[in-house]
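Reader: Please take one part of this model and go through it closely. I would like to hear about a sheet and its surroundings, and then about the cysteines.

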Amino acid sequence: MGFEFLGFHFTMRWDKRYGYGPRVEIPKAKAADLRHKVKQLTTRDTLLVSLGVKLQELNLILRGWANYYRYCAHAGRVFSSLDWYIRDRLWRWLRKKRPKAGAHDIQGALLPSRVRPTRRVWQEGRVEQYMLTFTPVCRYRLAWMRTPDFAMSSGELDA
């Protein structure tokens, strides 16, 4: 039910406060595509690069993805599950990269975040893992929009 447009899934849902209304959701296929992309970026072929380089590569994708879908309904839940998956993939990638290191040694790269010190994220040097859940999630407000310049009247009469 519903349809896909510009990477979003649009449906009509029942809300006991307002009745039927439109809802914009993150398609499950798009979340699966991101998981696949992260898996491709953390394969055995990429073991020669450092953790910092890998985090920079991942952060570009994650930041863009989070900002694109931040206004969707239940985006926080999807972001949370993706964060768990990404953290797990990085753990597995580091285990492959350093097969003789113990779990305690690998967890040395899991440090308190500079953004939220209560959360531990993968870090190397000044580069830290971007967490999707750190992106503010809210409803899009049409009040933020203003009339574009081309639609404004110049004050002159039309010919």
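Author: A good place to begin is residue Leu111, which stands opposite Val121 in strand E5. This is a predicted model. Helix H3, residues 75–97, packs on the sheet here and touches both E4 and E5. The direction of H3 makes about 45° with that of E5.

The pairing of E4 with E5 comes next. Strand E5 covers residues 120–124, and three bridges join E4 to E5. The two strands run antiparallel. Strands of a sheet pair through backbone hydrogen bonds, in either a parallel or an antiparallel manner.

As a whole, the sheet is open and has three strands, in the order E4-E5-E6, with antiparallel pairing. Strand E4 (110–112) and strand E6 (127–128) stand at the edges. Each of these has a single partner strand, so one side of E4 and one side of E6 are left without a neighbour in the sheet.

Now the cysteines. The count of disulfides comes to zero. The cut-off for a disulfide is a pair of cysteine sulfur atoms within 2.5 Å. For Cys72, the closest cysteine sulfur is in Cys138, 11 Å away, which is too far for a bond. Cys138 is likewise in no disulfide, its nearest cysteine sulfur being that of Cys72.

As for accessibility, Cys72 counts as buried because its relative accessibility is 5%. Cys138 has a relative accessible area of 34% and is therefore partly exposed.

Definitions and conventions
Residues numbered from 1 in each chain as written. Predicted model: local features only at pLDDT ≥ 70, side-chain atom pairs only at ≥ 80, totals over all residues. Heavy atoms only, no water. Pairing = 2+ DSSP bridges. Helix = DSSP H or I, 4+ residues; strand = E, 2+ residues; numbered from the N terminus. Contact = heavy atoms within 4.5 Å. Axes fitted to C-alpha atoms, helices over the stretch in contact; angles between N-to-C directions. Buried < 20%, exposed > 50% of the residue type's maximum accessible area, 1.4 Å probe, protein only.
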